[in-house]
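Ready for a few short exercises? Have the viewer open and try each task before reading its solution.

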Amino acid sequence: MSTVHSKTHRVGRSFVVLGVLLFVLTGCGAAGVAQSSLVTSSETDDTTEATATDDAGEPAVEATGCPATPAEMPAGVVSAEIADVDGDGENDTEWYSEASSPFIYGITTASGATHTLTDDLAGPGAHSGWTAALHNGVVVTVLDDGRSASLHAFVDCEYVTPIGVDGRPYSFDMQNLRGNGTGVGCLEVEGGLELNGLQVAEKHGDTYALMATGITVSENGLSAMNGYTAVSGSVPEDDSRVTAAQTSSCANAAVVSTSGQ
């Protein structure tokens, strides 16, 4: 993850933020951006057409989801049901295809739209990915190959790439290869979920220091930047948080993976 942090809160031996992150998370709520159309009544006379309105007196909006596309989810791929990403109230489907090189991750919505990401990660093992809506409504997808992870945003029925403060596509370090992190997770905050970069480092033999950095993805999905950082020291080696901070996941969002072969 990016090395720019705003401020650090040390919380002694109790890693409050990461503890909440790993043990108290609830489901990812569906948000997304809905496509809409006006709902109108039939003509009331030769010259007047009435328009349906909601309780606030505004024109009523029907959520229709992303427009259907010619592309479809390939047969035989690894897939999983995910929460609604296009605002039509229907659960959607994520999938991973390793039928080609590079691999392809995709989302197929209930409305019949299929949108894909090319997985440019070079790791030789299994690749995995998940999609979830954050507290500000932006839907993000994270792909990883066990060594690094890439960040993507699904906005207005298309994928865009968030850019970090260094002017490059925002990415995560999964094995501390650049000293920036070991995992990706989500923290429950007011209004939903917040994306977090995680880092675990050995300290004093069999205990570890853990760090979580909040990441803000703009509502248009075009930028991502680091915020607060919370640190806990002297976490026992057998603490489940140590293992969890070396993976990529988001609350109960489904994760799909390639075979690794």
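The exercises below deal with disulfides, an aromatic pair and a pocket in this predicted model.

**Exercise 1. Find how many disulfides there are, and give the pairing of the bonded cysteines.**

Solution. Begin with the chemistry: a disulfide is a covalent bond between the sulfur atoms of two cysteines. To search for such bonds, look for cysteine sulfur atoms within 2.5 Å of each other. The count comes to two disulfides. One joins Cys66 to Cys157, with an S to S distance of 2.1 Å. In the other, the sulfur atoms of Cys186 and Cys250 are 2.0 Å apart. Now number the bonded cysteines of the protein chain in sequence order, and the pairing reads 1-2, 3-4.

**Exercise 2. Work out the handedness of the Cys66 and Cys157 disulfide, and say which parts of the chain the pair ties together.**

Solution. Take the torsion first: about the S-S bond it is about -95°, so this disulfide is left-handed. Next, place the two ends. Cys66 sits in the loop between β5 (61-63) and β6 (78-82), and Cys157 in the loop between β12 and β13 (158-160), so the pair ties together parts that are 91 residues apart in sequence. Finally, check accessibility: Cys66 and Cys157 are both buried.

**Exercise 3. Do the same for Cys186 and Cys250: what is the handedness of their link?**

Solution. The value about the S-S bond is -105°, and the link is left-handed. As for location, Cys186 belongs to strand β15 (residues 183-189), while Cys250 lies in the loop between α2 (240-244) and β19 (255-257), so parts 64 residues apart in sequence are tied together. Cys186 and Cys250 are both buried.

**Exercise 4. Classify the aromatic pair that Tyr170 and Phe172 form.**

Solution. A search of the whole structure gives three aromatic pairs. Among them is Tyr170 with Phe172, at 5.3 Å centre to centre and with 70° between the planes. Planes over 60 degrees apart count as edge-to-face, and that is the class of the Tyr170 and Phe172 pair. Both of these residues are buried.

**Exercise 5. Describe the lining of the second largest pocket: which residues lie nearest its centre?**

Solution. Start with the volume, which is about 150 Å³ for the second largest pocket. Its lining has 14 residues, and Asp120, Leu121, Ser150, His152 and Pro169 lie nearest the centre. Then ask where the lining comes from: strand β12 (residues 148-155) gives the largest share, five residues. Last, sort the lining by class, which yields six nonpolar, six polar and two charged residues.

Methods: Residues numbered from 1 in each chain as written. Predicted model: local features only at pLDDT ≥ 70, side-chain atom pairs only at ≥ 80, totals over all residues. Heavy atoms only, no water. 1 Å grid on protein atoms, 1.4 Å probe; cavity = no way out; pocket = protein on both sides within 12 Å on 5 of 7 lines; lining within 4 Å. Points joined across faces, edges and corners; volume = space filled by probe spheres on them. Helix = DSSP H or I, 4+ residues; strand = E, 2+ residues; numbered from the N terminus. Nonpolar A, V, L, I, M, F, W, Y, C, P; charged D, E, K, R; others polar. Buried < 20%, exposed > 50% of the residue type's maximum accessible area, 1.4 Å probe, protein only. Phe/Tyr/Trp six-rings, centres within 6.5 Å; stacked < 30°, edge-to-face > 60°.
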